[in-house]
Amino acid sequence: MKAVTIKEAGGPEVLEWTEVEDPSPGVGEVVVDVVAGALNRADVMQRMGLYPVPEGASPYPGLEVSGRISSIGEGVTGRQVGDEVCALLTGGGYAQKVAVPAGQLFRVPEGIGLAEAAALPEAVATVWSNIVMTAGLKEGETFLVHGGDGGVGTMAIQIAKALGARVVTTVGSPEKAARAKELGADVTINYRTQDFTEHGPYDVILDVVGGQYLERNVRSLAIDGRLTVIGLQDGLEGSLNLAELVFKRLSVHGTTLRTRPAAQKAAIVAEAQDKVWPMIENGTVRLIIDQTLPMAEAAEAHRLLDAGQHVGKILLVND
């Protein structure tokens, strides 16, 4: 088969579409013939040498795919060759085939095309596990998501709105603000010219930025507020006012989905499918796909992601 390999740490040009060995299913795994995969910021970090591949994971980038099961490993029940699925991965999605634990498979939602479904697993699992399973977002609370124009951000706006929250998001342009409003954001904040702390307090914040946002996030939380940090785009360090943390009874969570044990991922997948798939099938939550490129053009897709002009997901499709 062919897969996208990383020659060395660097820019998009280090990605190569090349022949590699076919995967085989281990115990509890299936092999999926990949129809499409989707880009995530973690792929960029891996490409740049800033995100070590977890032990035992595929060295190829790609954290979510859709496709058809082509072989089934020992111990897998309830799955058949030919089943159409989408999958949450620990790596290996930029390829023609990938092995994945059966517990990390979603069914394809009704009314969604198989290629389109590649845009769902990582965003849905990330959003649901963080804003609901970790932060406990409730109806009537105020929710802030940074980066409301990306794959996670566009999904977070819609799920939070469906849960009955007041939704605030930061974006980088008036055009992206308009798109966020279309998805259900009540308030949009241009992070280039406005300070999000002035629009709080927030009960729950989902932060994909990290770094210097930490202090401002904590300052703008309401009493009993919850912050989940899932990204490090602004760096690895930030300051924290412990008095504010203590006297406002705040909770700060740092989470990542990729390195969680398979059993935890399976639990997240099961709950996310149970709770979010009905929202997708009745049209409450929509897939936002910016562009679709051939898998062999992964380098160009990364250039588009790096440029930051997209809204929603960028997909890679196999012929």
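Helices here are DSSP runs of H or I with at least four residues, and strands are runs of E with at least two, both numbered from the N terminus. Counted that way, the protein has eight helices and 15 strands. Keep in mind as you look around that this is a predicted model.

Let's start with the overall form. The C-alpha trace spans about 55 × 40 × 35 Å along its principal axes. A compact globule of 319 residues would have a radius of gyration near 20 Å, and the protein has 19 Å, so the value agrees with that expectation. Turning from the outline to the packing, 53% of the 319 residues count as buried, where buried means under 20% relative accessible area. The contacts tell you how the chain is brought together: among those with a separation of 6 or more, 65% join residues 24 or more positions apart. On the outside, the accessible surface comes to about 13,400 Å². Carbon and sulfur atoms account for 49% of that surface.

Now for the spaces inside. Rolling a probe the size of a water molecule over the atoms shows where empty space is left. How many cavities of 30 Å³ or more does a search of the whole structure find? The search finds one, and its volume is about 60 Å³. To find this cavity on your screen, pick out Ala119, then Gly151, Thr154, Met155 and Gln158, and finally Arg286, Leu287, Ile288 and Lys313; these residues line it. Helix α3, which covers residues 151–162, gives the most to this lining, with four residues. By class, the cavity lining has four nonpolar, three polar and two charged residues.

A pocket, unlike a cavity, is an open space, and the second largest one is worth a visit too. The second largest pocket holds about 450 Å³ of space. Of the 27 residues that line this pocket, Gly56, Ala57, Ser58, Gly91 and Ala99 are the closest to its centre. Two elements, strand β6 (97–101) and helix α7 (262–281), each give two or more residues to the lining. Which of the elements has the largest share? That is β6, with five residues. The pocket lining as a whole divides into 13 nonpolar, seven polar and seven charged residues.

To retrace the tour, you can go from the cavity, where α3 gives the most to the lining, to the second largest pocket, where β6 has the largest share.

Definitions and conventions: Residues are numbered from 1 along each chain as its sequence is written. This is a predicted model: local features need pLDDT of at least 70, side-chain atom pairs count only at pLDDT 80 or more; totals for chains, interfaces and linings use all residues. Side-chain values use heavy atoms; hydrogens and water are left out. On a 1 Å grid over the protein atoms alone, a cavity is a set of points where a 1.4 Å probe fits but cannot get out, and a pocket is an open set with protein on both sides within 12 Å along at least five of seven lines; lining residues have an atom within 4 Å of a point. Grid points are joined across faces, edges and corners, and a volume is the space filled by probe spheres set on the points. Ala, Val, Leu, Ile, Met, Phe, Trp, Tyr, Cys and Pro count as nonpolar, Asp, Glu, Lys and Arg as charged, and the others, Gly among them, as polar. The radius of gyration is taken over C-alpha atoms; the globule rule is 2.2 Å times the number of residues to the power 0.38. Buried means under 20% relative accessible area, exposed over 50%, partly exposed in between (1.4 Å probe, protein chains only). Contact means heavy atoms within 4.5 Å. Accessible areas come from the Shrake-Rupley method with a 1.4 Å probe; for residues, only the protein chains shown count as cover.
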